[in-house]
Amino acid sequence: MEEKYTKEEMKTIRIGIISLMAIFVGVFITISHNASIKGQQDGGTYNIYASFGRTDGLNVGDAVRLSGVNIGRVTSAELDKDFRTKLTMEIGKEYRIPEDSSASIVSFGLIGGKYVEIDVGGAEEYLQPNGSIGFTQDAMVLEELLDRIISLGKSKKAKQASENN
């Protein structure tokens with residue numbers, strides 16, 4: 001006896017199949033990303049450091065990018081004596097970073113993960129292994145940004161209301 005599915009059951013099955021495919025694609029992307037970083041490690045790496053006031057959302061293992069290209073990863077995060085977060089970043093040896101470069105923590109999107117973006121400076125000297133990036137920009141916390149926008153809107157509205165009275 002052949003059993004037929006209702007339209008609602010077929011819809012549920014399709015959603016389940018699509019969800020499984022999305023999970024497999026996500027796992028594949030993660031594995032290939034880790035493999036590309038592992039490939040960098042095979043050619044040798046060196047460590048550099050940078051200190052930030054806030055690293056909200058950045059995790060050990062997250063990418064370090066230069067001009068949009070993955071050049072390494074964050075290998076550790078610890079508090080220093082001034083309660084700033086000191087990041088250790090492992091960089092592929094083939095990448096040379098000018099001494100006056102800066103580092104900032106940025107996100108892939110509104111709800112995406114975070115990574116360290118290195119902005120290249122113009123110095124002719126390069127950071128040596130175990131060198132530090134002196135110029136950093138902390139992670140922007142979305143909730144704080146929204147609070148600032150809302151408070152600016154409220155103050156503008158209050159100012160307009162007082163001018164109209």
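Where is N130 found? In this predicted model, N130 is found in the loop between β6 (114–119) and β7, and the legends below take this loop together with other sites of the chain.

**Figure 1. Overall fold of the protein chain in the predicted model.** The protein chain contains 2 helices and 8 strands. Read from the N terminus, the order of the elements is α-β-β-β-β-β-β-β-β-α. Of the 165 residues in the protein chain, 25% count as buried. The accessible surface of the protein chain comes to about 11600 Å², and carbon and sulfur atoms account for 57% of that surface. When contacts between residues at least 6 apart in sequence are considered, 65% of them join residues at least 24 apart.

**Figure 2. Close-up of N130 and S67, two loop residues with positive phi.** N130 has a phi of about 70°, a positive value, although N130 is not a glycine. The residue belongs to the loop between β6 (114–119) and β7. S67 likewise is not a glycine, and its phi is positive at about 55°. The loop that holds S67 runs between β2 and β3 (69–79). With a relative accessible area of 63%, S67 is exposed, since the exposed class begins over 50%.

**Figure 3. Close-up of I133 in strand β7 and the residues it touches.** I133 lies in strand β7, which spans residues 131–133. The relative accessible area of I133 is 4%, and the residue is therefore classed as buried, the limit for that class being under 20%. Residues up to four places away in sequence being left out, I133 touches I48, Y49, A50, M89, S101, S102, A103, I118 and L127. The C-alpha atoms of I133 and I97 are separated by 9.4 Å, and these two residues stand 36 residues apart along the chain.

**Figure 4. Close-up of T55 in the loop between β1 (45–52) and β2 (63–66).** T55 is a loop residue, yet at 17% relative accessibility it counts as buried. Which residues is T55 in contact with, leaving aside its neighbours within four places in sequence? The contacts of T55 are T85, L87, I105 and A139.

**Figure 5. Close-up of the salt bridge between R73 and E90.** The closest N and O atoms of R73 and E90 are 3.3 Å apart. R73 lies in strand β3 and E90 in strand β4, so the salt bridge ties together parts that are 17 residues apart in sequence. At 25% relative accessibility, R73 counts as partly exposed. E90, by contrast, has a relative accessible area of 16% and is buried. The count of salt bridges in the model comes to 3.

**Figure 6. Close-up of the salt bridges R54–D56 and K81–D82.** The side chains of R54 and D56 meet in a salt bridge with an N to O distance of 2.8 Å. R54 counts as partly exposed at 32% relative accessibility, and D56 is partly exposed with a relative accessible area of 32%. In the salt bridge that D82 forms with K81, the closest N and O atoms are 3.9 Å apart. D82 counts as exposed at 51% relative accessibility, and K81 counts as exposed at 73%.

**Figure 7. Close-up of a nonpolar surface patch that includes I17.** Y5, I13, I17 and M21 make up this nonpolar patch, which covers about 420 Å² of the surface. I17 lies in helix α1, residues 7–42. I17 is partly exposed, as its relative accessible area is 45%.

**Figure 8. Close-up of a negative surface patch that includes E99.** E99, D100, E124 and E125 form this negative patch on the surface. E99 is found in the loop between β4 (85–92) and β5 (102–107). Is E99 buried or partly exposed? At 45% relative accessibility, E99 counts as partly exposed.

Terms used. Residues are numbered from 1 along each chain as its sequence is written. This is a predicted model: local features need pLDDT of at least 70, side-chain atom pairs count only at pLDDT 80 or more; totals for chains, interfaces and linings use all residues. Side-chain values use heavy atoms; hydrogens and water are left out. Patches are made of residues with over 30% relative accessible area and no salt bridge: like charges are joined within 9 Å, nonpolar side chains (Val, Leu, Ile, Met, Phe, Trp, Tyr) within 5 Å. Accessible areas come from the Shrake-Rupley method with a 1.4 Å probe; for residues, only the protein chains shown count as cover. A salt bridge is a side-chain nitrogen of Lys or Arg within 4 Å of a carboxyl oxygen of Asp or Glu. Lys and Arg count as positive and Asp and Glu as negative; His and the chain ends are not counted. The place of a charge is taken as NZ of Lys, CZ of Arg, CG of Asp or CD of Glu. Helices (H or I, at least four residues) and strands (E, at least two) are DSSP runs, numbered from the N terminus. Buried means under 20% relative accessible area, exposed over 50%, partly exposed in between (1.4 Å probe, protein chains only). Contact means heavy atoms within 4.5 Å.
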